[in-house]
Amino acid sequence: MLSTETAVITGASSGIGEATAHALANAGYKVILGARRVDRLEKVARATGGQAFALDVTDQRSVDDFVNQVPEVSILVNNAGGALGMESIQEADLGKWLTMYESNVLGTVRMTKALLPKLESSGNGHIVMVTSIASFMPYIGGGGYVAAKHAERALTATLRLELLGKPIRVTDIAPGMVQTEFSLVRFGGDRVKADAVYEGMLPLTAEDIADCILWSVTRPPHVNIDKIVVMPRDQAAPGVVHRRPSSSGHDS
Ligand code: NAP
């Protein structure tokens, strides 16, 4: 059965957020989309029949303006975020660490705080956090991102405890390697470095993660999917990847 509920998706201008907008809209949800690149966001809104509003989750005023345009909501997908750089702790760039903490952690808290009353009054609220396998598995050079995603996992688990008894579900989606703009952003726009991340292996697609999110939110209201950890078959842990000699990335 198609839903008529409203879903807010942060970071919907590309990657997992964009794919989630399509998946939820196809299932009948009204989607309200937020991100900083409004031109791209508006294209996604047009393609999904949704609404697009500028949103920078690191800026409280932007979050307030966004939330004021959301009359009701039952699903919040906290997806905005990402990684910057691959420096060791010794070489840590604290500016990048701060930005990652602001977007992945504090941005998630800002959006959650602001929308909790509306999620509760919907009578069937659901908060989906897009964390990462980095939220529980460190890797060399992951420092600031690993720390931020660990914090996001911790706040997700805390929220689940604090919301017990209220009509709000909390789900943690923890992906491994997904081919989106994630690596391009991480490496400051360096396409060669970004492409090398997926060389010779078959990563997940944004649609694979959107599928997990759609499945979680369409379980019956009494069923809380606590956590989904999802990696490509070619990955067993961060940095532990099976690569084929050919660079096609596809099974023969
Ligand atoms: P992506 O294609 O780079 O998408 C990131 C999205 O987040 C963009 O829409 C970006 O939009 C938005 N965003 C970033 N900072 C923002 C801010 N301050 N305010 C509002 N929106 C912001 O990468 P992705 O892979 O889809 O990433 C989505 C989420 O999945 C992230 O939380 C990431 O950490 C997580 N994740 C990704 C992978 C992976 O391998 N790809 C694995 C595990 C977890 P604007 O730039 O337009 O604002």
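The lining of the second largest pocket splits into seven nonpolar, four polar and three charged residues. That pocket holds about 190 Å³ of space, and of its 14 lining residues, Glu5, Tyr29, Val217, Thr218 and Arg219 sit nearest the centre. Keep in mind that this is a predicted model.

Now for the enclosed space. Rolling a probe the size of a water molecule over the atoms shows where empty space is left. How many cavities of 30 Å³ or more does a search of the whole structure find? The search turns up one. About 70 Å³ of space lies in the largest cavity, and 16 residues line it, with Leu84, Glu87, Trp97, Met100 and Gly144 closest to its centre. Two elements, helix 4 (94-121) and helix 5, each give two or more residues to this lining. By class, the cavity lining comes to six nonpolar, six polar and four charged residues.

On to the ligand. The shell around it has 31 residues, and the closest are Ile16, Arg36, Arg37, Tyr145 and Thr180. Sorted by class, that shell has 13 nonpolar, 13 polar and five charged residues. Here are some of the polar contacts, each made with an oxygen atom of the ligand:

| Residue | Protein atom | Distance to a ligand oxygen |
|---|---|---|
| Gly11 | backbone N or O | 3.0 Å |
| Ser13 | side-chain N or O | 2.8 Å |
| Gly176 | backbone N or O | 3.4 Å |

So is the ligand mostly covered or mostly open? The protein covers 94% of the 880 Å² of accessible area that the ligand has on its own. Helix 1 (15-26), helix 5 (143-162) and helix 6 (182-186) are the elements that each supply two or more residues to the shell around the ligand. Helix 5 thus turns up in the ligand shell and in the lining of the largest cavity.

Finally, the chain as a whole. Its secondary structure adds up to eight helices and nine strands. The radius of gyration is 18 Å, close to the 18 Å that the globule rule gives for 252 residues, so the chain is as compact as a globular protein of that length. Along its principal axes, the C-alpha trace spans about 50 × 40 × 35 Å.

Note on methods
Residues are numbered from 1 along each chain as its sequence is written. This is a predicted model: local features need pLDDT of at least 70, side-chain atom pairs count only at pLDDT 80 or more; totals for chains, interfaces and linings use all residues. Side-chain values use heavy atoms; hydrogens and water are left out. A residue is near a molecule or strand if one of its heavy atoms lies within 4 Å of it. A polar contact is a pair of N or O atoms within 3.5 Å; within protein, one must be able to donate a hydrogen and the other to accept it, and residues adjacent in sequence count only if both atoms are side-chain atoms. Accessible areas come from the Shrake-Rupley method with a 1.4 Å probe; for residues, only the protein chains shown count as cover. Helices (H or I, at least four residues) and strands (E, at least two) are DSSP runs, numbered from the N terminus. Ala, Val, Leu, Ile, Met, Phe, Trp, Tyr, Cys and Pro count as nonpolar, Asp, Glu, Lys and Arg as charged, and the others, Gly among them, as polar. On a 1 Å grid over the protein atoms alone, a cavity is a set of points where a 1.4 Å probe fits but cannot get out, and a pocket is an open set with protein on both sides within 12 Å along at least five of seven lines; lining residues have an atom within 4 Å of a point. Grid points are joined across faces, edges and corners, and a volume is the space filled by probe spheres set on the points. The radius of gyration is taken over C-alpha atoms; the globule rule is 2.2 Å times the number of residues to the power 0.38.
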